[in-house]
Amino acid sequence: MLLRLQAFFNKHTTTIIFGIIALASFLRLYRISDYMNFLGDEGRDVLTVKHILEGQLTFLGPRSSAADFYYGPIYYYMITPFLWLFHYDPVGPAVFIALLGILTVYVVYRVGKKFFGTSAGIIAAALYTVSPVVITYSHSSWNPNPLPLVSLLTLFLAYSGLKNPNVWKFLLIGLLLGIAIQLQYLALFLGVIIFVYIVLGTIINDRKQVILNLVKRFVLLIVGFVIGWSPFLAFEVYHGFPNLKTILLFLAGKIPSSVSTHSTPLGQVFEVFFKLFGRLVTVFPLTDLSRIHDTEQLYLWYLLSLLLGVVAVVGVIKIKDRLAQLLIIIWLVIGVGMFALYKKSIYDYYLGFMFPLPFLLIGNVATELFNVTKQNIIKVGVIAAVLFLFIFNLIYMPFRFEPNKIKNQVKTISEIVISHTDNKPFNFALITTGNSDHAYRYYLEVLGHKPVEMQNPAIDPERKTVTDQLMVVCEDLTCGPLGYSLFEVAGFGRAEITGEWDGPHVKVFRLVHYQEK
């Protein structure tokens with residue numbers, strides 16, 4: 001029976017991969033307009049891209065959430081065609097991310113097949129397809145979300161470049177690194193991984209002319225990096241390197257961050273290692289969701305997740321391809337170990353450059369256990385474990401809950417605001433605890449009622465940017481806009497409320513200047 005099953009896999013590989021890609025497409029595109037996020041960050045991005053389409057090219061990207069510095073603009077350039085193709089509907093960039101996520105599934109299969117064999121590639125791709133955390137970051141537009149694909153392609157190119165050296169491969173490695181660092185600065189860890197891998201791989205693989213080969217490869221890599229990083233580099237050179245200076249101060253610990261942690265370096269490393277398997281593969285619940293599970297259940301879940309990670313890592317010793325084995329070891333050791341230097345809280349998306357790794361490791365160890373042992377009970381156990389992980393992740397799909405339809409809500413609220421402005425100029429403000437007003441401002445612009453942006457009195461001493469009415473959206477239903485300290489509210493001056501309306505989970509207020517009775 002097991003032999004027939006293995007023969008079926010070998011004979012119908014193309015059909016199986018097609019089925020996996022079809023499932024990946026469904027899970028990432030299903031009701032994407034309803035499930036996608038569209039809050040402040042997403043609104044900021046499409047607002048900037050709208051301005052690019054209107055001729056206002058930018059060389060600066062999104063602001064980092066960790067401190068006051070910015071990414072490069074490459075993500076804006078990536079999503080620009082999709083916002084245009086979808087007629088300025090924010091679902092366009094989300095579809096772009098979903099398509100990248102689907103492509104990543106296929107690349108995971110190809111890399112797994114190249115490194116460990118067809119069965120390992122299929123297992124890795126199948127489990128990557130159904131990972132709820134991966135899916136969550138695959139159906140919303142956000143600058144870190146392309147990183148799993150970019151990282152995997154960069155690492156595979158490094159492997160291929162050492163295996164079969166080619167000028168274009170090393171140029172492309174540098175180009176992709178330049179893109180990756182514009183998506184998320186933790187991709188600097190990826191740069192360290194690539195550097196160490198090329199050095200050690202060249203020493204191990206070439207033996208002769210090692211120094212000359214290293215010099216050639218890093219020259220090509222640097223040239224490619226400068227090309228990939230050029231939009232951001234152009235901004236930095238022109239403005240005196242403001243972001244690079246801030247980044248260096250931040251890395252030196254001289255700039256405080258709101259996301260700091262009290263964990264030790266060893267604690268950070270352990271947390272990252274556990275999250276690679278506990279979050280990405282076994283869907284271990286976050287702190288705010290753990291209360292719905294029994295303590296004993298959580299403890300067993302935790303131990304099994306950790307055991308899975310240990311077994312998957314031990315399986316590295318069975319990798320036959322020396323360069324593939326070296327890459328996996330460096331990716332794991334440096335990728336996890338570098339977080340010992342990171343003194344901030346670690347969120348799931350910080351691991352984007354390592355997303356494919358645990359699935360490749362599991363594909364490898366599952367295949368090795370199945371092929372090496374002669375005991376049918378162990379073979380059945382391996383199949384059962386893989387099927388269990390696959391089904392378990394399907395059960396925890398994000399779609400088990402009804403969507404919030406955030407994009408539609410923002411559009412509806414914006415339409416409520418517009419309907420009560422009497423088609424006259426207005427200022428706009430959002431009172432919230434954890435959002436920004438960019439998503440609303442985007443829809444207000446797209447719907448043809450761009451609010452007048454209130455300027456600081458130092459810039460606008462005659463207060464020409466203060467209109468006769470201020471529209472306020474309160475995401476806190478108990479808030480009162482009068483006397484609120486937010487600049488857009490306080491800067492409007494003494495006011496009175498002349499209208500109040502309910503929107504989806506918000507209240508909308510219309511304020512006018514106070515008139516003495």
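Let us start at lysine 450, which at 56% relative accessibility counts as exposed. This is a predicted model, and lysine 450 is a good place from which to walk into it. The side chain of lysine 450 forms a salt bridge with glutamate 445, with the closest N and O atoms 4.0 Å apart. Its partner sits in another setting: glutamate 445 has a relative accessible area of 13%, so it counts as buried, the limit being under 20%. The pair does not stand alone, since Lys50, Glu54, Glu445 and Lys450 are linked in a network of salt bridges.

Glutamate 445 also brings us to helix α20, where it is one of the buried residues. This helix spans residues 438-446, and seven of its nine residues are buried, so α20 is largely enclosed by the rest of the structure. Alongside Glu445, the buried set holds Ala439, Tyr440, Arg441, Tyr442, Tyr443 and Leu444. Just after the helix, have a look at the backbone of glycine 448, which takes a positive phi of about 85°.

Further along the chain comes the disulfide, and the structure holds one. It joins cysteine 474 to cysteine 479, with an S to S distance of 1.8 Å. The torsion about this S-S bond is about 105°, so the disulfide is right-handed. If you look for the two cysteines at the surface, note that both cysteine 474 and cysteine 479 are buried.

Back to salt bridges, of which the count comes to 17. One of them is made by the side chains of arginine 31 and glutamate 402, at 4.0 Å from N to O. Arginine 31 lies in the loop between α2 (13-29) and α3 (32-35), while glutamate 402 lies in the loop between α18 (376-395) and α19 (406-419), so the pair ties together parts that are 371 residues apart in sequence. As for exposure, arginine 31 is partly exposed at 28% relative accessibility, whereas glutamate 402 is exposed, with a relative accessible area of 64%.

Now turn to a salt bridge inside one helix. The side chains of lysine 275 and glutamate 271 meet at 3.3 Å, N to O. Both belong to helix α14 (residues 265-278), and they are four residues apart, so about one helical turn separates them. Here lysine 275 counts as buried, at 12% relative accessibility, and glutamate 271 is partly exposed, with a relative accessible area of 26%.

Our last stop is the region around helix α12, which covers residues 210-239. In the loop between α11 (188-205) and α12 you will find aspartate 206. With a relative accessible area of 18%, aspartate 206 is buried. A polar contact of 2.9 Å joins its side chain to that of asparagine 213. Leaving out residues up to four places away in sequence, aspartate 206 touches Gly201, Asn213 and Arg217.

There is also a nonpolar patch on the surface to find here. Which residues make the nonpolar surface patch of about 450 Å²? They are Ile211, Val215, Val219, Val223 and Ile227. Isoleucine 227, for one, has its place in helix α12.

Terms used:
Residues are numbered from 1 along each chain as its sequence is written. This is a predicted model: local features need pLDDT of at least 70, side-chain atom pairs count only at pLDDT 80 or more; totals for chains, interfaces and linings use all residues. Side-chain values use heavy atoms; hydrogens and water are left out. Patches are made of residues with over 30% relative accessible area and no salt bridge: like charges are joined within 9 Å, nonpolar side chains (Val, Leu, Ile, Met, Phe, Trp, Tyr) within 5 Å. Accessible areas come from the Shrake-Rupley method with a 1.4 Å probe; for residues, only the protein chains shown count as cover. Helices (H or I, at least four residues) and strands (E, at least two) are DSSP runs, numbered from the N terminus. Buried means under 20% relative accessible area, exposed over 50%, partly exposed in between (1.4 Å probe, protein chains only). A polar contact is a pair of N or O atoms within 3.5 Å; within protein, one must be able to donate a hydrogen and the other to accept it, and residues adjacent in sequence count only if both atoms are side-chain atoms. Contact means heavy atoms within 4.5 Å. A disulfide is a pair of cysteine sulfur atoms within 2.5 Å.
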